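Open the model in your viewer and keep a selection box ready. The tour goes from empty space to ligand to domains.

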Amino acid sequence: SLDAIDLQDRCELSNRTGMDSETLKRAFLNNLFYVQGKFPALATTNDYYMALAYTVRDRLLQRWINTAATYTELGSRTVAYFSAEFLMGPHLGNNLINLGIYDQVEQGMAELGLSLDELQEEEEEPGLGNGGLGRLAACYLDSLATLDIPSLGYGIRYEFGIFDQDIRDGWQVERTDKWLSAGNPWEIARPEWSVEIKLGGHTEHYTDDHGNYRSRWVPDQVVKGIPYDTPILGYQTNTANTLRLWTAEAPESFDFRSFNSGDYLGAVYEKMISENISKVLYPNDDSSQGKQLRLTQQFFFVSCSLQDMIRILHGQNLPLENFHKKFAVQLNDTHPAISVVELMRLLIDHHQMDWEQAWTITHQTFAYTNHTLLPEALERWPIELFGSLLPRHLELIYEINQRFLDEVRIKFPDDEERMIRMSLIDESGERYVRMAHLACVGSHAINGVAALHTELLQKDVLRDFYEMYPHKFTNKTNGVTPRRFMVLSNSQLSKLITSKIGDSWIKNLKELQQLEQFVDDAGFQVEWRRIKQHSKTELATYIQNNNNITVDPDSLFDIQAKRFHEYKRQHLSLLHIVTLYNRIKANPDIEITPRTFIFGGKAAPGYFMAKLIIKLINSVGNVVNRDPDVRGRLKVVFLKDYNVKLAQRIYPAADLSEQISTAGKEASGTGNMKFALNGALTIGTLDGANVEIREEVGEENFFLFGLTTEEVYHKRAHGYRSRDYYHTNAELKLAIDRIASGFFSQGDAELFRPLVDDLLNQDQYFLFADYASYIACQDQVAAVYKDQTKWTRMSILNAARMGKFSSDRSIEDYCRDIWKVEPVNVELRQC
Ligand code: Z15
């Protein structure tokens, strides 16, 4: 029998678990032969990549299976992280780091004449997210596994992730992201755990055999969700958790029906419609689109996931009443907020639970993270649309709302205005379901993602909810994983650090503080600078190859890499560039610190102004980079297709990190943390986590400029007139006039008019108000950069004081304050 096979023998014979260099090489060649079906003579780079990926996967599987077995045996309390986005980045390098075999494998590959860097380049990264929110989810999965917390990530397996960005004639052009076309060695389909979800139709009400009034949902469409699992290994631990992503398919039974009636094409059409659900990621960051398909996607993955969790619960012989004891569900923004209603429906309609008990379980299960203060990002669904897709959920929302408003009335008598503001239904015009309100009412915990952001939520966006439920609110400042964003992406700096303070900083980032003892050590400073220089040279080569622009690695690398949005103010940096250029034109011999300005980031395809800003960057670059008067002292580079892979090249090479959003607009930011961790200095406003970064690194090591949130509010309230700044600041006027005149657009004075007009007449993000302060601050940056000893000192202190911003710290905070979940140790017992 299967049980009789000696497990130890199986491990050794199979060669699939050994981690020494010889075994890894042998396994790799085995996979090339048996999985890819190739001799080395015919193998492509992709064959080699796949053979290596399967070699790594075998080592993951051993840990994964043991982890699952352990959790099942112990019935461990588990975190379920619900997110419409997981921006994982390439798996290969990260898994090698977390397995602790990166160097062995690099050497083994070298012995076979292969470059590990080149093999890693082969991997198509799963870009199943837009920006900060999706990447945060990925960092959190890494930390959950590293901290041995039982957890599941639940989301959607988009066939097309975030679009690939091309630049043509300076404009962004979108191409579909076919990340699955070469196959995905990191996932395993689990069709045996498929579930069905309902859509559309109507509800019926009846009295059951016990005389109870009940409801049922009669859908007009049924769709199947198929889970695909990816193992998420922690750093130097046996824990391998699961990212479970759902793909939509038409159920066999459904096309059967049409097929029987002879409507073959109709059946195929139904199938196509069903499969649309998981076809494509909506490419908007920080704004909501209000499209039916988007709501369908949200409901689809949430319903699949909750049904899956009920299956797991039953599999462990736990009663449904224990749902909230077994699981803590985190809602990553309001995208999965429909969960609140879906769990109620499953408990009440499918499992005959009474309302009170269902509600207790539901609100003890969920916790909600808010990621934005921007009004355009707050999700609302027109009642019509909502009711036609989810008729039963709309009924349940009305019931939840009635009970909720009864509570509000008791707590705040005679305050009709408050009830109108807080209702789950917006009735001011066309009626909408307010998803943030639903998330607040249906959760026991609500958090913002940086101290300032949480404070503003409480004071402003969610003020009524804070007054109603002050105990629900906490702050959970974001963090980033040092495994991917230091150990993997900046191996030289990581090794230097480890040579000085040992390697426990990788799991305990606060230990970086010990670097402070070397801050004035000349030898250490030289090494620190040498490594930064090395990373800059590598990025310079990348720029030469991709943009055909020669940049000087000795120049100050001034970088802004993030999604394009007016509130992030990439165009404020542009105004600085044009100002420096104007100074040179006025006096070509002027003494200036040579700078390379590097931009990266995508614009939502429908966001005209963001795309125009990209065009302006490229237009300014075309002029500045070629003007002989500049003598190469300024370069402007737009790196296309900013993604996780490119981000890993960029952070180590940055001298200056641009974090220049209008105060009160960026919820947290996480790029700000990755840059500083890699020794970049920040020029930034008092916004999001910048505030806390500055607190940690010390105000003398941070370039601060700009209005505070309060000052912005005040100016807005008292009638802000950007044009006044234009008329009173000569450099600002010159910069704007240059752009408006067509100087950067071959004489076309129309091209950038929408941008210029907006700044002169609206400027809702206060660029003109912050311009003088920004320019003065940049002049200071330039002065400090000339003193390389001082700069290096500041750079070391920045990295040394970033300990707080590890995602391990964030996750520990969530575990302690919200999830109430403990680590579970996993031992390797089987292969
Ligand atoms: C997104 O990436 C963020 C917020 C959103 O509401 C959406 Cl829809 C997408 C970002 C914030 O803009 C950023 O400040 C924050 O650091 C990040 O989420 C993670 O919390």
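Start with the voids: there are eight cavities of 30 Å³ or more. A cavity here is a set of points, on a 1 Å grid over the protein atoms alone, where a 1.4 Å probe fits but cannot get out. Points are joined across faces, edges and corners, and a volume is the space filled by probe spheres set on them.

The model is predicted: local features need pLDDT of at least 70, side-chain atom pairs count only at pLDDT 80 or more, and totals for chains, interfaces and linings use all residues. Numbering runs from 1 along each chain as its sequence is written, and side-chain values use heavy atoms, with hydrogens and water left out.

Select N130, G131, G132, L133 and D285. These lie nearest the centre of the largest cavity, which 50 residues line (lining means an atom within 4 Å of a point). Its volume is about 830 Å³.

Now show the ligand. The space it takes is that largest cavity (more than half of its atoms lie within 2 Å of the grid points).

Next, select the shell: 17 residues surround the ligand, and D285, D286, H371, E666 and G669 come nearest (a heavy atom within 4 Å counts). Colour by class: five are nonpolar, eight polar and four charged (Asp, Glu, Lys and Arg are charged; Gly is among the polar).

Zoom in on the polar contacts (N or O pairs within 3.5 Å). Each of these involves a ligand oxygen:

- E666, side-chain N or O atom: 2.6 Å.
- L133, backbone N or O atom: 2.9 Å.
- D333, polar side-chain atom: 3.1 Å.

Finally, colour domain 2 (77-89 + 128-478 + 814-819) and domain 3 (495-709 + 780-805). Both give residues to the shell, so the ligand lies between them. Domain bounds come from an automatic or database assignment.

Methods: A polar contact is a pair of N or O atoms within 3.5 Å; within protein, one must be able to donate a hydrogen and the other to accept it, and residues adjacent in sequence count only if both atoms are side-chain atoms. On a 1 Å grid over the protein atoms alone, a cavity is a set of points where a 1.4 Å probe fits but cannot get out, and a pocket is an open set with protein on both sides within 12 Å along at least five of seven lines; lining residues have an atom within 4 Å of a point.
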